[in-house]
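Biologist: Hello! Could you walk me through this protein, one question at a time?

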Amino acid sequence: MENKSIYFYSLEFILLFNFEHSFSQAPNQINYQMVIRDNANQLVSNRPVRLRISLLADSMNATSAYVETHQVTSNTQGLVQLAIGGGTVVTGSFGSVPWSRSKMFAKIEIDPVGGTNYTLSSTTQLLSVTMH
């Protein structure tokens, strides 16, 4: 019985150590999804679309710390899913994004016909979740 108890506490320590360690690292990628609509506000269904994602430090109007593009295909509901940090790099390095800044923003631009004529879709502050 005593050996099981030691094993349990050792496993608990390893899990807690790994859990704490995982919060001290910058993310490798960020899951992102959105519904694509065209200029007439109609769903863009089952079509290739292109997105340009810029990560901005400190404000919505800051210079981009990192920029990447994605070419994805929307589903029947116009939904696309991607991983920020997993696209084609335009400028910067995802690993050198200054995550420790007080505020980080994601600027999303789209071309609903799959080209490179991007229009601004949104700029949103990235928020993290902490556990206490």
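Here are a few questions and answers on the fold and its surface.

Modeller: Happy to help. This is a predicted model, in which local features need pLDDT of at least 70, side-chain atom pairs count only at pLDDT 80 or more, and totals for chains, interfaces and linings use all residues. Residues are numbered from 1 along each chain as its sequence is written, and side-chain values use heavy atoms, with hydrogens and water left out.

Biologist: Which elements make up the secondary structure of the chain?

Modeller: Helices (H or I, at least four residues) and strands (E, at least two) are DSSP runs, numbered from the N terminus. Read from that end, the order is α-β-β-β-β-β-β-β. The tally is one helix and seven strands.

Biologist: In what order do the five strands of the open sheet lie?

Modeller: Two strands pair if DSSP finds at least two bridges between them. The pairing here is antiparallel, and β5 (88-92) and β7 (119-126) are the edge strands, each pairing on one side only. The order is β5-β3-β2-β6-β7.

Biologist: Which residue in β7 is the bridge partner of F105?

Modeller: Strand β6 covers residues 104-111 and pairs with β7 in the antiparallel sense, over seven bridges. In β7, the partner of F105 is Q125.

Biologist: What share of the 132 residues is buried?

Modeller: Buried means under 20% relative accessible area, with a 1.4 Å probe and protein chains only. The chain has 132 residues, and the buried share is 27%.

How values were computed: Buried means under 20% relative accessible area, exposed over 50%, partly exposed in between (1.4 Å probe, protein chains only).
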